[in-house]
Each structure stands twice: as structure tokens, then as C-alpha cells.
Amino acid sequence: MATSKTDLLAVLAVVKKYNLKSTEELLKKEAGLTDIPENVAGEAEVNSVLAAYKSEGDPDIYENSYMELRRFVEESLDIYKHELALILYPVLVHMYIELVYNNHEVQAKKLITKFGPEQEYYYQDELAKLAMVTKRDEMSGNDITDTFKSNAFTIRISRDTLSLLKRHLHEKKASVILNIVNEHMYFDLYEGVARNKAQCDATSGAMTGEAKRQDNKIKVYYGLLKEPDVQTLVAAPPEEDDDMDPDAPDKPKKKKPKKDPLFSKKSKSDPNAPPLDRIPLPKLKDVDKMEKIKALRESTKRVNLGPELLPSICMYTLLNANHTVTCADFCEDSSLLSVGFTDSSIKVWSMTPMKLREMKSAEQLKEIDRDAEDVLIRMLDDRKAESCRTLHGHSGPVYRTSFAPDRTMLLSCSEDCTIRLWSLHTWTCVVVYKGHQYPVWDVRFSPHGHYFVSCSHDRTARLWSTDSHQPLRIFAGHLSDVDVCIFHPNSNYVATGSSDRTVRLWDVCVGNHHRLLTGHKASIYSLAFSMCGRYLASGSADNRVLIWDLAHGHLIAALTGHTASIHSLCFSRDGTILATGGLDCALKLWDFTKLVDDISGENVNVSHNPDVRDGEPYLLRTFPTKQSPFLTLHFTRRNLLLGVGMYDLGM
């Protein structure tokens with residue numbers, strides 16, 4: 001009775017703390033608490049009552065309760081069995097944490113040793129980390145215990161399955177499991193038939209279970225922004241027309257109508273696109289508009305890929321670079337290649353005959369006519385041109401580089417917790433962005449320039465602009481390292497992949513996540529948006545590429561075949577082919593058009609995930625490299641596929 005009075009006094013202290021006077025009077029009256037001193041209970045008693053885990057008396061009851069639950073799941077009808085089995089892992093984890101919290105180390109160790117190996121393979125690493133926690137004071141600061149104590153484990157379940165489970169727990173008076181289910185689990189209910197094994201497996205695997213349907217309800221503007229009008233600058237180049245005249249006099253006439261519809265076609269608005277003023281984007285200068293015209297002209301010469309016409313592939317192999325190269329990246333027009341190294345340096349190569357020029361000295365710049373049309377060209381010194389440049393400044397391995405769309409700047413991130421912005425005119429570092437407290441794994445420019453996104457070991461991704469040294473948004477929500485980040489083609493969203501085995505889509509405008517995608521069974525290392533912006537591909541250490549439909553947040557296909565982590569993904573410029581490159585020294589090409597056509601013919605069940613398609617029918621070809629794992633893949637404007645890998649003798 002003394003214990004229960006202490007508990008009541010602690011509850012009274014909490015009520016007093018929050019100044020709930022009527023509740024306080026009612027509690028005193030009902031519990032018969034009279035003549036209570038002002039300081040009703042110490043902080044220790046309050047914490048004891050509010051502790052997430054409380055002793056259920058006999059520690060041996062845990063093992064018996066778990067065995068009873070497991071037997072119930074195994075003996076259930078097949079229609080319910082697979083959804084019921086999803087609760088076994090979180091129940092085991094919480095039982096272990098409760099036992100450790102209440103100093104029952106022997107029983108806790110026995111429980112996890114006996115039932116841990118039965119859990120799914122993708123939970124084994126976490127169970128091994130959890131088993132290292134054997135004392136209450138070791139719990140604080142441990143990733144697994146912190147995650148499970150502060151987040152409900154989500155399970156998507158049919159109403160019939162949940163009714164069956166609750167009836168069983170009440171009949172058996174399984175108080176230990178009932179407490180865990182009520183306090184630490186969230187059931188995302190849906191009406192209809194329970195899911196089969198394949199459907200349950202498709203979306204399970206994340207640290208805290210599946211995504212709630214509520215997480216994927218918000219509308220996503222996945223369409224592309226209306227292209228700016230560049231026709232005003234289109235005065236068809238006379239040389240091109242003159243060159244064509246002698247060979248085919250009719251061609252220029254034919255080409256003009258072809259090109260004009262191309263420009264007007266690009267300017268049509270997408271019904272799923274965000275409003276143009278949703279986020280402030282930099283205004284296009286004339287130089288940028290001319291670059292867009294050049295890109296559009298080049299796209300008319302693009303090879304239209306398909307099952308019968310696969311892309312040509314050019315593979316760049318870095319020799320004598322094993323254990324020294326960390327990343328590689330091409331600029332949008334494929335004219336520059338940057339490579340990051342473990343010795344904290346960055347090398348930039350020109351991929352064209354034009355060498356990398358440096359800006360003239362201050363004295364020479366004074367003599368230049370500032371009003372000249374080619375002022376930028378005049379500012380660069382041809383005499384100091386080189387085919388390769390080296391950038392020094394970081395104090396740790398460089399993990400990612402990213403070119404600005406206009407190719408005047410380069411971003412890099414490093415183990416030294418900083419992001420650096422480099423000028424590709426002066427070949428010097430112009431800004432150091434500090435904000436992350438731990439190594440920064442990835443950094444990417446927005447397709448429209450100005451903005452960039454970074455992600456780190458500190459479990460956050462951050463949105464920056466080049467003109468501010470403070471982040472504009474901090475995207476917090478992942479439960480482990482954020483390993484990869486990428487902008488949506490319309491720059492309104494950022495996708496992130498994490499070691500918590502989830503992919504999240506964040507709204508740049510408000511800073512919240514609008515999609516939570518679960519299904520990977522290991523850390524996610526690569527992401528790529530489809531050309532239309534509706535689909536997202538994610539590559540992982542589980543050797544699979546998953547394809548997601550952002551309109552509903554559904555997993556639609558799992559592409560299997562790789563035998564190692566997938567670190568590079570790239571869609572062809574016409575969106576017909578997806579290229580995937582892994583550490584297994586294999587490049588695979590997939591028929592993305594066929595996949596989208598097959599999906600669009602289906603009626604999607606929005607209440608719970610549709611069946612996930614197997615990738616085998618969509619695999620077009622596999623290209624092995626001998627001993628070069630892939631660092632990056634890139635389609636040129638004309639659909640030539642470029643790959644970069646490093647020769648590894650140990651493969």
C-alpha cells in the first residue's frame with residue numbers, strides 16, 4: 001500500500017506542476033489524500049512513475065508470455081498469420097528493454113538469445129546492438145533503446161486481425177504484452193482482407209515499422225515547372241543554316257517548324273506542377289537562357305532508347321585509386337568530371353578538348369571592356385589553361401561533389417563536418433558552410449541552382465542557399481544517418497535515404513515530410529527521380545532497387561539481380577531506361593517505360609499497398625566490368641551513358 005500511495009503522490013505532483021487545480025481537488029477527494037504537504041513528492045518518485053518501463057513482478061513471466069504469443073501467431077489461420085507475425089519483433093525488443101530497466105539481466109539475456117535468431121534477417125544487426133545493453137545506465141544514449149522508447153512501432157493491420165489479437169490478449173490476461181501493445185505500438189487500421197506474406201514483407205524492414213497511411217496522404221506536386229520562354233532569344237544560328245543550305249536546301253525550312261513547337265511544347269504547364277511562385281527561384285540571365293536553347297537543340301539529336309535500342313556506354317576507370325577515391329560526379333552537360341579523394345583533395349577534369357581556364361589577374365581585368373558581350377570569356381586567361389585542376393581545403397575525406405547547373409561553381413562535403421563552395425573561375429574556395437555537427441555524407445545542387453541540400457551523420461538533412469551561411473530549413477525525422485539526398489526536378493521537394501531504412505520526401509516550402517516510404521531492408525545509398533517527376537528509384541545495401549509512385553506513396557516494383565550495394569542510379573534523358581550500378585561491378589539496364597505502362601493499367605487499392613512487381617521482366621541487359629565497382633552513372637544530353645569506377649584488385 002505504501003508503494004501505491006507514493007505513486008499517487010507522484011501523480012499529484014505532476015498535476016500540481018501543470019496547475020490543474022480541479023483535477024488536483026478531484027484526485028485528493030477520490031484517493032482520500034488529506035493533509036498533504038506542499039512538496040508532495042520528490043523528483044525521483046515522479047520520474048519513477050513516469051518511467052516508460054515498469055516491473056511486472058516475476059521476470060520469468062516475460063519468456064512465457066512471448067512463447068504464448070508466438071504459439072498464438074503460429075496457430076492462427078493463414079489469412080491472419082502474416083500480419084500477426086509483425087508484432088513479434090517489437091514485443092521482443094520492448095520485453096528486453098523492460099527486463100534490463102528492472103535489473104533482470106540474466107532473464108533479458110536468456111530471452112534475446114532464445115528468440116533473437118528467429119527474427120527477420122534485417123533485424124539481426126539491431127538485436128546484436130541491443131544485446132550489448134545489459135545495465136539500466138547503458139540504455140541512455142543507445143540508438144536502439146532511444147528509438148524504441150521515443151517512437152511507436154507502426155504496423156499496418158486489418159480490423160479483423162487486430163480484433164483477433166486483442167481478444168487473445170484479453171482472454172489470456174497477457175498483461176505484459178498488453179502494456180507493450182498499448183504503450184509502444186501504433187496499429188494503422190484498414191478495412192478489408194488481411195495482407196499476404198509478400199505484401200507484408202514488401203513494406204516491412206524499417207527501424208520503427210511501416211509508414212502510416214496518414215504519412216502519405218498530403219498532395220505532392222510532382223509535376224515539372226513550366227519552362228521559361230526562351231523563344232525571344234532564338235535567332236537561328238546563321239552558320240548552321242548556311243552549312244546546311246548547299247546539301248539540303250529544304251532542311252532549314254523543315255527544321256524551323258520542328259524547333260518552334262519544341263520550345264512551345266516545353267512551355268505548356270503540367271497539371272501536377274507546383275505554382276511557379278511557390279518557392280523563390282533565381283531569375284534566368286541571358287546566358288542561362290542561351291544554355292537552355294543549346295540543351296533543347298541538342299535534345300533534338302538525342303537517341304530515343306528502348307528495348308531494341310540500348311544506349312552506348314562509356315566507362316571511365318580510375319587506376320591506382322583503390323581506397324583513395326570516394327566519389328565522382330559529372331556536370332549536367334557532361335563537359336566536366338569531379339572526383340573526391342580520401343586525402344581531402346578534389347580533382348576536376350575537362351571531358352572536352354577545351355581546357356580549364358583561370359581568371360586573369362586584377363591588373364589585367366582592369367583593361368577589359370565591361371560592356372562587351374563576351375566579357376566573361378575575356379576575363380579568362382588561356383595561357384593558364386589546364387586539362388585537370390586540384391582543389392585543396394577540406395581536412396578530411398571528401399564524400400560528395402556537385403556541380404552548379406551553370407558550371408561556374410562546385411560544392412563538396414567532407415568528414416570535417418563542412419560543405420565548401422568552389423569557384424570554377426578562380427579555382428578557389430569561396431564559402432565554407434558550417435552547421436552539421438558530424439560528417440556530411442552528401443550534398444546536391446538544385447536543378448535550378450541557388451539552393452542546395454546536404455545530409456549528415458547527425459540524422460538531419462539541411463536546405464541551404466549559396467548566398468547564406470545559415471541553413472534555410474533543417475529536415476529532422478530520420479532515426480539514423482541520412483546517407484543520400486537529392487532534389488526533385490521541380491526543386492520543390494527533397495528526397496532523403498537513411499540507415500533507418502526509410503526514404504522520406506520533404507517539402508522545401510514548409511520543411512515537413514510529405515512521404516515516408518518503407519520497404520528497404522538495409523541502408524539506402526542512392527536515389528534518382530524519373531524525368532516526369534512522379535517516380536522515385538532508391539538503391540540500397542540490400543542489393544535491390546525499389547521504385548516508388550509519389551502520387552500515392554506506394555511501392556510499385558522491386559528490381560533484383562545485383563549482388564552487392566547499389567551506389568549509382570540514373571534515368572535516361574527521355575525517361576525510358578533506368579541504369580543501376582553496384583559494388584558488384586555490374587551495370588544493369590531496366591525498361592522503365594514498360595514498367596510504367598504496366599502499372600498505369602492497374603486499379604490501385606489506396607487502402608493498403610498494391611502487389612509489388614518483380615523486376616525480372618523489365619531487365620534489358622547486364623554489363624559486367626571486370627574489377628571496377630561503380631561510383632556514378634550519368635546520361636548525356638544525347639543519351640550516351642557514362643560510368644565512373646575504380647579498378648579494385650581485391651574484387
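In the predicted model, the side chains of Ser 499 and Ser 523 are joined by a polar contact of 3.2 Å. Ser 499 sits in the loop between β19 (493-498) and β20 (502-507). Its relative accessibility is 19%. Ser 499 therefore counts as buried, the cut-off being under 20%. Beyond residues up to four places away in sequence, Ser 499 touches Ser 480, Asp 481, Asp 483 and Ser 523. His 520 is 21 residues from Ser 499 in sequence. In space, the two C-alpha atoms are 9.8 Å apart.

A second serine, Ser 526, belongs to strand β22 (residues 524-529). Ser 526 is buried, at a relative accessible area of 3%. A polar atom of its side chain lies 3.0 Å from the backbone oxygen of Ile 566. Ile 566 is also among the contacts of Ser 526 outside its neighbours within four places in sequence. That set further includes His 567, Ser 568 and Leu 569. Val 484, Ala 537, Ser 538 and Gly 539 complete the list.

The helices α6 to α9 were examined next. Helix α6 (88-101) packs on helix α7 (residues 105-115) at an angle of about 160°. Their axes are 8 Å apart. The angle makes α6 roughly antiparallel to α7, since values over 145 degrees are classed in this way. The crossing of α6 past α7 is left-handed. On the α6 side, the residues that meet α7 are Leu 92, Met 95, Tyr 96, Leu 99 and Val 100. Their counterparts in α7 are Gln 107, Ala 108, Lys 109, Leu 111, Ile 112 and Phe 115.

Helix α8 (124-131) has Glu 126, Leu 127 and Leu 130 buried. Seen down the axis of α8, these residues fall within an arc of 100°, so they line one face of the helix. An α-helix has 3.6 residues a turn, so residues three or four places apart point the same way. The cover over the buried residues of α8 includes α6, α7 and α9.

Helix α9 (residues 143-150) buries Ile 144, Thr 145, Thr 147 and Phe 148. They span an arc of only 165° around the axis, and therefore lie on the same side of α9. The buried residues of α9 pack against α6 and α8. They also pack against β1 (153-158) and α11 (175-184). At the start of α9, a side-chain oxygen of Asn 142 comes to within 3.0 Å of the backbone nitrogen of Ile 144. Ile 144 is itself one of the buried residues of α9.

Note on methods: Residues numbered from 1 in each chain as written. Predicted model: local features only at pLDDT ≥ 70, side-chain atom pairs only at ≥ 80, totals over all residues. Heavy atoms only, no water. Buried < 20%, exposed > 50% of the residue type's maximum accessible area, 1.4 Å probe, protein only. Helix = DSSP H or I, 4+ residues; strand = E, 2+ residues; numbered from the N terminus. Arc of directions from axis to C-beta. Contact = heavy atoms within 4.5 Å. Polar contact = N/O pair within 3.5 Å; in protein donor to acceptor, adjacent residues only side chain to side chain. Axes fitted to C-alpha atoms, helices over the stretch in contact; angles between N-to-C directions. Parallel < 35°, antiparallel > 145°, perpendicular 65-115°, else oblique. Left-handed = near helix turned anticlockwise from the far one by under 90°.
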